[in-house]
Amino acid sequence: MTIWADYSAGRPGGTALRAAGFSGVIRYVGTPGRTKNITAGEYQDLVGHSMSVLLVHENATGDVLRGYAGGVADAHAALNNARACSIPDSVGIASASDRHLTAAQVRVGVQYQAGFASVLGVERTGAYGFHEFISAVRAAHSASWLWQCGTRPVGNAGVHLWQRNTGASQTRVNRIACDINDQLLPLPEDDMTPDEAQVASMNALRAFFNGDLYPSMKPNSTEQAPLARLIQNSDMFGYQLNELITALTTNVSALNTKVDALATLVTAMATKKPATFKDEVLGAIEDATRKVGGFGATAEHAIENVVAKGEAALGHKS
């Protein structure tokens, strides 16, 4: 099962989280001055280790009791903080109700959720809380992903993530306490950015490779190991390979320039004497080399050989 981490006492880092078996994290956002908030550097580290990222806003356990206006204000705070961290607008952000609610409080909480979603859009908005709040939000269609704490949802009940409260509900990663969350249903993916699509693809591959593509966890068969290493290398060095291909393309373009210069002279071969032909060809190559750079000596030797063979065939010497 895919598991997600949420934490507030520090930043374990993408390498350690991946080694612990997590595929994604839910991080706090939108409460200025609080050390539990995600940072730009942390986000880049997580994505750089192919971790999926979701966000949650929680200033206090009773945030949702502030109604519609409170939801609007908190969503704006979360959105501004996320953008300040260069987090794409497609990354989901959840509201939070970290306490049980009475029936009357649930009605106020649903109004808060409506205000929250009015800023972010329902397709991006999530909700965290106990079953009474999550069930009401689902009925109101004011969130596209649901994260439940407390009792495990019966038959999943449309809940995407469940924060465990039985058995192994917490672990320490890099000495930081992390809650363990089970993913029960696929999360919305319709508006993924290219970076997020890459993360989703890598996570799908990890499901086959025993949860990890990195050396921190061993593949479950000798047949999987070579391919796991190949994908690991592709994941880590793809950008470097891209740069190498770009450099090679530039060099090929430079060579094409010199070949074009040679072709122009070859078309005039019939009207030139072999002795002057060689000098003009080498002069053209030298000129093209100065303008473009690279391949000069190699091309010059090649032309000398071609001209020598041509002269021998014609019975001339330069």
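**Backbone turns, cores and helix packing in the predicted model**

Serine 86 sits in the loop that runs between H3 and S4. In this predicted model, the phi angle of serine 86 is near 60 degrees, a positive value in a residue other than glycine. Most residues other than glycine have a negative phi, which makes a loop position of this kind a convenient place to begin. Serine 86 counts as exposed because its relative accessibility is 54%, the cut-off for that class being over 50%. Its neighbour in sequence, cysteine 85, falls in another class: with a relative accessibility of 6%, cysteine 85 counts as buried.

Two further residues have a positive phi. Asparagine 174 is not a glycine, yet its phi is positive at about 55 degrees. Asparagine 174 belongs to the loop between strand S8 (170–173) and S9, and its relative accessible area of 46% makes it partly exposed. The other residue is histidine 141, which follows H5 and has a positive phi near 55 degrees.

For the chain as a whole, the secondary structure comes to 9 helices and 9 strands. The protein chain has 318 residues, of which 41% are buried. Among contacts with a separation of 6 or more, 60% are accounted for by residues 24 or more positions apart. The exposed surface of the chain is about 16400 Å², and carbon and sulfur atoms supply 57% of it.

Turning to the interior, the largest nonpolar core contains 40 residues, and Leu17 and Leu55 are those with the most contacts inside it. Both helices and strands contribute two or more residues to this core: the helices are H1 (14–19), H2 (40–48), H3 (67–84), H4 (103–120) and H5 (131–140), while the strands are S1 (3–6), S3 (52–56) and S9 (176–183). Apart from this core lies another one, made of 14 residues, with Leu54, Val56, Ala94 and Ala96 among them.

Leucine 17 gives a closer look at the 40-residue core. Once its neighbours within four places in sequence are set aside, leucine 17 is in contact with Ala5, Tyr7, Pro12, Phe22, Val25, Leu46, Met51, Val173 and Cys178. One of these partners, cysteine 178, has a relative accessibility of 0% and therefore counts as buried. As for covalent links between cysteines, the count comes to 0 disulfides.

Helix H5 contributes to the core and has its own set of buried residues, namely Glu132, Phe133, Ile134, Ala136 and Val137. These buried residues of H5 pack against one helix, H4, and against strands S4 (93–97), S5 (125–129) and S6 (145–148).

Helix H4 also holds one of the model's ring pairs. The structure has 2 aromatic pairs. In one of them, the ring centres of tyrosine 112 and phenylalanine 116 are 6.1 Å apart and the ring planes meet at 25 degrees, so the pair is stacked; the cut-off for stacking is planes under 30 degrees apart. Where do the two residues stand relative to each other along helix H4? Tyrosine 112 and phenylalanine 116 are 4 residues apart in the helix, which means that about one helical turn separates them. An α-helix has 3.6 residues a turn, so residues three or four places apart point the same way. Tyrosine 112 and phenylalanine 116 are both buried.

Glycine 115 is found in the same helix, H4, and it counts as buried because its relative accessibility is 0%. Leaving out neighbours within four places in sequence, glycine 115 is in contact with Tyr68, Gly71 and Val72. Glycine 115 and serine 142 are 27 residues apart in sequence, with 9.2 Å between their C-alpha atoms.

Beyond helix H4, the loop leading to S5 contains glutamate 123. A relative accessible area of 53% makes glutamate 123 exposed. The C-alpha atom of glutamate 123 is separated by 7.9 Å from that of proline 188, although the two residues are 65 positions apart along the chain.

A last side-chain arrangement involves a charge and a ring. Lysine 36 lies over the face of tyrosine 28, at 4.1 Å from the ring centre.

Conventions. Residues numbered from 1 in each chain as written. Predicted model: local features only at pLDDT ≥ 70, side-chain atom pairs only at ≥ 80, totals over all residues. Heavy atoms only, no water. Core = buried A, V, L, I, M, F, W, Y, C linked by side-chain atoms within 4.5 Å. Buried < 20%, exposed > 50% of the residue type's maximum accessible area, 1.4 Å probe, protein only. Contact = heavy atoms within 4.5 Å. Phe/Tyr/Trp six-rings, centres within 6.5 Å; stacked < 30°, edge-to-face > 60°. Lys NZ or Arg CZ within 6 Å of the ring centre and 35° of its normal. Disulfide = S-S within 2.5 Å. Areas by Shrake-Rupley, 256 points an atom, 1.4 Å probe, with all protein chains shown as cover.
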